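Q: Please take a close look at one part of this structure, the nonpolar surface patch, and set it in the context of the chain.

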Amino acid sequence: VSLPGATLVEIRDQQSFLELLRLGEAHRHAANTKLNTESSRSHALLMVHVKRTVKGREPAHSSDSGNSTSMARSLRPPLVRKGKLVVVDLAGSERIDKSGSDGHTREEAKSINLSLSALGKCINALAENSAHVPVRDSKLTRLLRDSFGGTARTSLVITVGPSPRHRGETASTIMFGQRAMKVENMLKLKEEFDYKSLARRLDIQLDKLIMEHERKQKAFEVEIERITAEAQNRISEAERNYADAVEEERLKYQKDYMESIKKLEEKWMMNQQNQGNERKEQMVHIAEEVAEVKKLLSKETSLRKAAEEEVDNLKSQLAQLKMSEASANSEILKLRKMVEDEVCQKEKLEGEISMLQSQLLHLSFEADETRRRLDRGGPGKVPGGLDSPVSQVRSQLKDSGNGEKASVAKLFEQVGLQKILSLLEAEDADVRIHAVKVVANLAAEETNQQKIVEAGGLKSLLMLLGSSEDETIHRVAAGAIANLAMNEKNQELIMSQGGISLLSTTASHAKDPQTLRMVAGAIANLCGNDKLQTKLRGEGGIKALLEIVKCGHPDVLAQVARGIANFAKCESRASTQGSKTGRSLLIEDGALPWIVQNANSDASPIRRHIELALCHLAQHEVNAKDMISEGALWELVRISQDCPREDIRTLAHRTLASSPDFIAGLKRLQIDY
């Protein structure tokens, strides 16, 4: 519901709430009438939204499942309980003959009585259990929709006067209260899960776990390096110690052997002098000692062989380590070569990009020059048909010469469409701007549109429209999409990829009238597709057009009027074929007041589209009552008499003559037709 001038204020304590109430009371408007010296001239409405987080109870678990309990607790979203307080002070109904209101006060009294009448109709419909409750007839009833027949607890206080003069008003007020008492509200506790806070908490936990994992991984790598270095040091130290010990043992045994031989020789010389028996005994003893020495020598030899084998084993391990080191060095050399190749390829690509940038700059300069020449032509040169704004520019470009076309065609043949589309994702903003201008110029030719769509150009333009914040990119991309939207197959692709939402978002942030004109032209082309009517309205296409009209620029309003005319024409055709019933979607979205307001616009393109839209809306009988209540009947009469186009004038005359509601409205308003 649109409430101009209403404000949304966040309160923290009771004092600020009371100050807000005093401020609202100070803004109340009152006037002096015959019935009351301070008669309220407006309704007062206060809506307070309250939100509270409810902590849920933890279920009982055993101590063995501590980890699972903590994980379940962290994954449980907090419960949010929401409430809304609506306090309304309704201005009293009054009769003009009793209150003596005139001028602006009379208009205020009419507005007050209309809103109270709408509220009374809603109360009557709810009291009678009617299938339709007309809550859309007034902003007041739409704002109070939850208070009667909704999910709220509602209290109603009515005020009456004791004067016999006002007996009729007193009786109607009491009957209104009695009917309101029959309305039943279904109280409902509104609770929902706060998944956003849960997502934020899980993101923080995930970041902590990632940081802890990286820290442990780094510590593990450092520990592995330390253990490897320590093992190598120990191996080298053991080799040195073993070699020293073997050498010492060899020298020791060799010395002992020489000393033993010397002693034996001395003993043998001394025993030569002894007698035969003693000599034999000595010889036997010497033989035994020699045998023992031989045993010791063989043992020493075996120990030496074992030591040599162990040394060979250590040498083989050292050789393996050297081989692994050599393989690692070769891998490093390969990686270095790959890096050098990547650097060369990067330099080559940078050279190509710089060449493309120079070509794009030249082409963009030519396109800007042509666009400035077109802008100097003024809005009066824009054709008045139902074509998009970009197609209008295309027709003028054909007359301005073939220089820019030749440049675009030459660039298209030399570079290729894929490379041009890839530049739409470049990091440099200037490159993206020039690339989207080239794509827009290519899209202006029907022969290139299918190639652009097949190569993914439409998807790239939509992504660029949603991700970029540059006004120039938005304007040129919207123009290219408007050109592509002239094809029925492309229209379905745009709708399936969320094009209406992106165009609506672009329009809400745009400040340049040219950007809004391009966006409105794209939406207007989509409005001309019979198959996309419901989906386009569901995704906010009509509301986006009604938001764009706030710009006020004639060219922008002409495109909005063209889109509304296309939509009304498709609806009229669907109603005639029997595929659509019920009120027009344009009327349900609130477009009828703007249509009536601009039906007699000074700009001929706007007036022509609006007149055509009114005639198409009037062809469906179910729209007649809404059009009569909004004042469209007067405009239809004017169109049937004063419209310069004979086909629209004939259509308006035939529609007025064939509709029973319009005929009755003409008689009631005493219009001679």
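A: The patch is described below, followed by the chain that carries it.

The model is predicted: local features need pLDDT of at least 70, side-chain atom pairs count only at pLDDT 80 or more, and totals for chains, interfaces and linings use all residues. Residues are numbered from 1 along each chain as its sequence is written, and side-chain values use heavy atoms, with hydrogens and water left out.

Leu156, Ile158, Val160 and Ile174 together make a nonpolar surface patch of about 320 Å². Patch members have over 30% relative accessible area and no salt bridge (a side-chain nitrogen of Lys or Arg within 4 Å of a carboxyl oxygen of Asp or Glu), and nonpolar side chains (Val, Leu, Ile, Met, Phe, Trp, Tyr) are joined within 5 Å. Areas come from the Shrake-Rupley method with a 1.4 Å probe; for residues, only the protein chains shown count as cover.

Of these residues, Ile174 belongs to helix α6, which spans residues 167-181. Helices (H or I, at least four residues) and strands (E, at least two) are DSSP runs, numbered from the N terminus. Ile174 has a relative accessible area of 39% and is therefore partly exposed, that is, between buried (under 20%) and exposed (over 50%).

As for the wider setting, the protein chain holds 28 helices and five strands. Buried residues account for 33% of its 673 residues. The accessible surface of the protein chain is about 43,100 Å², and carbon and sulfur atoms contribute 54% of that surface.

How values were computed. Patches are made of residues with over 30% relative accessible area and no salt bridge: like charges are joined within 9 Å, nonpolar side chains (Val, Leu, Ile, Met, Phe, Trp, Tyr) within 5 Å. Buried means under 20% relative accessible area, exposed over 50%, partly exposed in between (1.4 Å probe, protein chains only).
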